[in-house]
Amino acid sequence: MTDTQRQTSGVAAEGTDTLSRLEQEGEIAADYLEGLLDIADLDGDIDMDVEADRAAVSIISDSTSRDLQKLVGRDGEVLEALQELTRLAVNRETGDRSRLMLDIAGFRARKREELAKVGASAAAEARSTGGPVKLDPMTPFERKVVHDAVAAAGLRSESEGEEPQRFVVVLPA
């Protein structure tokens with residue numbers, strides 16, 4: 001086996017290891033969340049995936065998602081707390097810090113679409129005015145989506161301020 005073949009094989013094995021580690025995170029998170037749903041006497045199905053080098057777990061329901069809205073809370077506050085608790089449960093099992101993303105009743109998916117529009121709009125405004133555009137304070141998840149949308153529009157952005165008042169500034173070209 002040549003050095004190049006060994007390197008290629010090592011990269012492939014590393015990718016497989018990462019994928020199986022993320023799948024394991026998803027399974028641990030799903031078990032934790034199923035227990036939580038049982039305790040709360042809520043109906044929901046768990047969907048697991050791997051997106052952008054992180055485990056992604058969603059709780060979905062065929063019935064009215066009104067029950068699951070309790071787990072989302074006002075502006076996703078309960079969802080954020082549940083995500084952190086789920087990450088801690090994964091950490092307890094694996095010993096590794098988790099970047100797992102949790103979505104409940106499609107809240108994050110809808111939020112991601114809205115924020116992508118905000119980022120694209122802010123980029124367009126920065127481009128047309130030639131000045132920086134400051135957005136309202138956002139959570140880390142929200143800022144990440146906006147940064148990605150601004151980058152897709154071909155501009156730069158940065159976060160400023162301190163939590164919980166940290167916000168995105170879109171910079172002109």
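A residue counts as buried when its relative accessible area is under 20%, as exposed when that area is over 50%, and as partly exposed in between. By this rule Arg-92 is exposed, because its relative accessible area is 62%. The model discussed here is a predicted one, and the terms just given are used throughout the report.

**Overall architecture**

The chain has 173 residues, of which 33% count as buried, and its secondary structure comes to five helices and six strands. Read from the N terminus, these elements follow the order α-β-β-α-α-β-α-β-α-β-β. When contacts between residues at least 6 apart in sequence are considered, 56% of them join residues that are at least 24 apart. The accessible surface of the chain amounts to about 10,600 Å², and carbon and sulfur atoms account for 49% of it.

**Salt bridges**

The structure holds eight salt bridges, and the table gives three pairs from among them.

| Pair | Distance, N to O |
|---|---|
| Arg-21 and Glu-25 | 3.2 Å |
| Arg-92 and Glu-93 | 3.9 Å |
| Lys-111 and Glu-142 | 3.4 Å |

The partners Arg-21 and Glu-25 both belong to helix α1, which covers residues 3–40, and they are four residues apart, or about one turn of the helix. Arg-21 is partly exposed, since its relative accessible area is 34%, whereas Glu-25 is buried, with a relative accessible area of 3%.

In the pair formed by Arg-92 and Glu-93, Arg-92 is exposed at 62% relative accessible area, and Glu-93, at 52% relative accessibility, counts as exposed as well.

The side chains of Lys-111 and Glu-142 also meet in a salt bridge, at 3.4 Å from N to O. Because Lys-111 lies in helix α4 and Glu-142 in helix α5, this pair ties together parts of the chain that are 31 residues apart in sequence. Glu-142 is buried, as its relative accessible area of 13% falls under the 20% cut-off.

**Helix α5 and its surroundings**

Helix α5 runs over residues 140–152, and at 1.5 Å a residue its 13 residues should span 18 Å, which agrees with the 18 Å that separate its end C-alpha atoms. Its buried residues are Phe-141, Glu-142, Arg-143, Val-145, Val-146, Ala-149 and Val-150. The cover over these buried residues includes helices α3 (77–94) and α4 (107–129), together with strands β3 (101–104), β4 (133–137), β5 (156–160) and β6 (167–171). Just after α5, Gly-154 adopts a positive phi of about 90°.

**The cavity**

Rolling a probe the size of a water molecule over the atoms shows where empty space is left. Which residues line the largest cavity? The lining consists of Asp-75, Gly-76, Leu-79, Glu-80, Phe-107, Arg-108, Lys-111, Thr-139, Phe-141 and Glu-142. The elements that each give two or more residues to this lining are α3, α4 and α5, and α4 gives the most, with three residues. The structure holds one cavity of 30 Å³ or more, and the volume of the largest cavity is about 50 Å³.

Lys-111 and Glu-142 therefore appear in two parts of this account, as both belong to the cavity lining and their side chains meet in a salt bridge, through which α4 and α5 are tied together. Phe-141, a buried residue of α5, is likewise one of the residues that line the cavity.

Conventions: Residues numbered from 1 in each chain as written. Predicted model: local features only at pLDDT ≥ 70, side-chain atom pairs only at ≥ 80, totals over all residues. Heavy atoms only, no water. Expected span 1.5 Å × (residues − 1). Buried < 20%, exposed > 50% of the residue type's maximum accessible area, 1.4 Å probe, protein only. Contact = heavy atoms within 4.5 Å. Areas by Shrake-Rupley, 256 points an atom, 1.4 Å probe, with all protein chains shown as cover. Salt bridge = Lys/Arg side-chain N within 4 Å of Asp/Glu carboxyl O. 1 Å grid on protein atoms, 1.4 Å probe; cavity = no way out; pocket = protein on both sides within 12 Å on 5 of 7 lines; lining within 4 Å. Points joined across faces, edges and corners; volume = space filled by probe spheres on them.
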